[in-house]
Amino acid sequence: MLARVAETLYWMARYMERAENMARLINVNANLILDIPKKTVLGWEPLIDITGTRTNYEEKYNSFEERQVMKYLISDVDSPVSIANSLKWARENARTVRDVIPREAWEQINALNHYAKDQLNVAMSKRGRFSYLNEVILRSQTIVGLLSGTVNRDQGYVFIRLGRNLERADMTSRIIDVRSANLLMEESMELRPFENIQWMSVLKSLTAYQMYRQAMQARIRRADVVKFLFQSQRFPRSILFCVQQMERCVQELPDFENSLRRIHQAKRLIQGAELHAYDQSMLHDFIDHIQIELNNIHEALNDQYFLSGRIYGQEQEQKQAS
Amino acid sequence: MSVSWNEYDPGKFFDELIKPKGKPRKYAKNLAKYLADHSDEELETRKAVAELSIKEMGITFTVYTEEEGSIDRSWPFDILPRMIPKSEWLQIELGLKQRVKALNLFINDIYHDQKIIKDKVFPAELLANSVNFRKECMGVSPPLNIWAHICGSDLVRDSDGTMYVLEDNLRVPSGVSYMLENRSVMKRVFPELFESYNIQPVDDYCSQLFDMLASLSPRPADYPEVVVLTPGIFNSAYFEHSYLAQQMGCELVEGRDLLVQDDDCVYMRTVEGLQRVDVIYRRIDDLFLDPEAFNPDSMLGVPGLLRAWKKGNVALANAPGAGVADDKVVYAFVPEIIKYYLGEEVLLPNVPTYRCMFQDEQDYVLQHLDELVVKPANESGGYGMMIGPMASKKEREKFAQLIKKDPRNYIAQPTLGLSTVPTFVEHGVEPRHVDLRPFILSGDTTSVTMGGLTRVALRKGSLVVNSSQGGGSKDTWIVEEEA
């Protein structure tokens, strides 16, 4: 497999996953806002921090009012985190490798991009937003299923899975962060009764509610939810699960030692965490730490397998030789 | 209301489907009846199906604009097919094979002994001035002595019904993927018509292309490594490059994926490391292929590629330098070239062509600028030409100066009355002008596509069929006449 094609498949999968999870992220915040008392509503600002692009946002937008944030997260193609941007790049990457992926998969990715653009009016209305985001999630899931049902289990598929799982782990951590972003809420007695409702909505946004009930056989409790979403060995959107998928994938590739070492580092961090003892601010720092580890995995893959990393490596070798 | 053929009027032009007074040609009867029997709404629905298929299948071409940069546009397609009876097509096919065979002999001669020049059949000064002649290729013998493995020749039909060759594209001819995709769209749009006609299939092109490319491999192996080399996603034909790679099951590579090592072999950078490449179907122009040999600024090419090719370690299709026979002045000599190498009369005629390098022909051209089409020798896509009857006096004077300044660079041809085909327009069906580009593959055997890509000028009265300038395309049906 060409190093450039491997890289493109990996990014195609990452952007697809990012679009889907951005839709989930917006849904979880929308639900939170509806559930908690009106006077304490903190609105949409935390989402900008969760995407890690506050400076970028403030350059172009002047308030954190709902419509503006929605524009930034859904329709603004120039926003690095918007659904429109992710789908555009998913399509562009898919177009570059349309000779490699099944034709139907390309058609679906292409059609999803058209849908997302054509239906923007619906997306920007309060009433249409939920169904729009759901459609994006559903169609993304269709594409994942289509690939899983039609693609040879070769290196190309390994890179698709690596990209998907890395992005999914990262985005799951950000979705959990939506809840912990808001430190005030914990200290306010007034909001205690709503705490569980909020965690329930986090679960639902990850389609994790039923699975949580089945797996944990427990009521909704912060410690259990966090444990489930970080450390479940069974739930496919939990961070540990995603990292373990990558652990398995990478061993199907040649010269995987460096990447595997990075993956094991992230895995130890997740498994070793005493999550029940973390308060919100510790949880937030822990999430930051995980995101750094995930980025290290990306760097290792890039250096070993991707074209940009390879050409750079070759130049370094030549310099040393001369 | 539905299509009423009584009102259909192609005027003085030859129409491919309908004879004067709205009578369909024999092979077009079923189609004409079908269209007359269906309502406008029904046909509109079919058209919408076609457009949606094209959008969802992502059949695109890329255009550049100042404001928006490169954009990926849906392929403009007309749902009414163009038909050619099979008996006529078989004659055309013979003519195309003859032509490409002679052109390959010509190119090989030019890069070796140049007998045709020594025998004074072809003027030496033409070669000296040719922009597509590559001195770097002198003495090289590519596999099977074939240089132009893939040729796309443009055919047009004049008002009297004669089919002419307008030009041969021997560098990197494009369009074949649209020919194949047009067919698959038509099968979705008019499945019932396929039941009432014996339409020759076109689907085997990609496997023929692969077999031809594989036959060029320098290493005897069951599975030679064949790749398609593209300039990248911003090239207007990227869709086609990727389509052909997909259909052949080959890697689609860019220049940066390849490198030539000290052993003068070509390798691609894979996840496992370097892997040897045997055959490159290159869709990059000669001058960008290898910055070491040609344009040193090329970011698209592979340093050392020409060296590897000359050593015989990799096959390139088409071979560098094959374009020497693709220039419009050489075109004017094709009848002589066929006679010289094959001892045969030309089967498929050239459009009568005046060569401005010869004084008597130049005089004729300058006196008849208002009737002729003047073309520069090495432009494609319809750029830099003058259509005499439509040009202003000022424009004609400008071209007269250009011709006198650089006579070798210009040819002139009579304005042809390009044939028409019924085409769906905003209000019903009207005649629009078409051409036809069949593709000829030359390896250990020679094969011609069944039909080719029919391009149509969608603007009323326009003769320009290029997709970059308001052209579209149609499916082309080679049909048994009994149908």
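Student: How many residues lie between S21(B) and S22(B) in their hairpin?

Tutor: In this predicted model, strand S21 (residues 439–442) of chain B runs antiparallel to strand S22 (residues 446–448) of chain B, joined by three bridges. One bridge sets B:Ile440 against B:Val448. The two strands form a hairpin, and the number of residues between them is three.

Student: Which residue stands opposite B:Ile440 in the pairing of strand S6 of chain B with S21(B)?

Tutor: Strand S6 (residues 150–157) of chain B pairs with S21(B) in the antiparallel sense, over three bridges. In this pairing the residue opposite B:Ile440 is B:Cys151.

Student: Are the residues on the two faces of S21(B) buried or exposed?

Tutor: One side of the strand carries B:Phe439 and B:Leu441, and the other carries B:Ile440 and B:Ser442. Residues count as buried under 20% relative accessible area. Both faces are covered, and these four residues are all buried.

Student: Which element supplies the largest share of the side of chain B that touches chain A?

Tutor: The contact takes 31 residues from chain B and 29 residues from chain A. Several elements of chain B each supply at least two residues of its side, including helix H2 (40–57), helix H6 (176–189) and helix H9 (238–248). The largest share, six residues, comes from H9(B).

Student: What is the N to O distance in the salt bridge of A:Arg103 and B:Glu181?

Tutor: Three salt bridges are found across the interface of chain B and chain A. A salt bridge requires the nitrogen and the oxygen to lie within 4 Å. For the side chains of A:Arg103 and B:Glu181 the distance is 3.0 Å.

Key
Residues numbered from 1 in each chain as written. Chains lettered and ligands numbered in written order. Predicted model: local features only at pLDDT ≥ 70, side-chain atom pairs only at ≥ 80, totals over all residues. Heavy atoms only, no water. Contact = heavy atoms within 4.5 Å. Buried < 20%, exposed > 50% of the residue type's maximum accessible area, 1.4 Å probe, protein only. Pairing = 2+ DSSP bridges.
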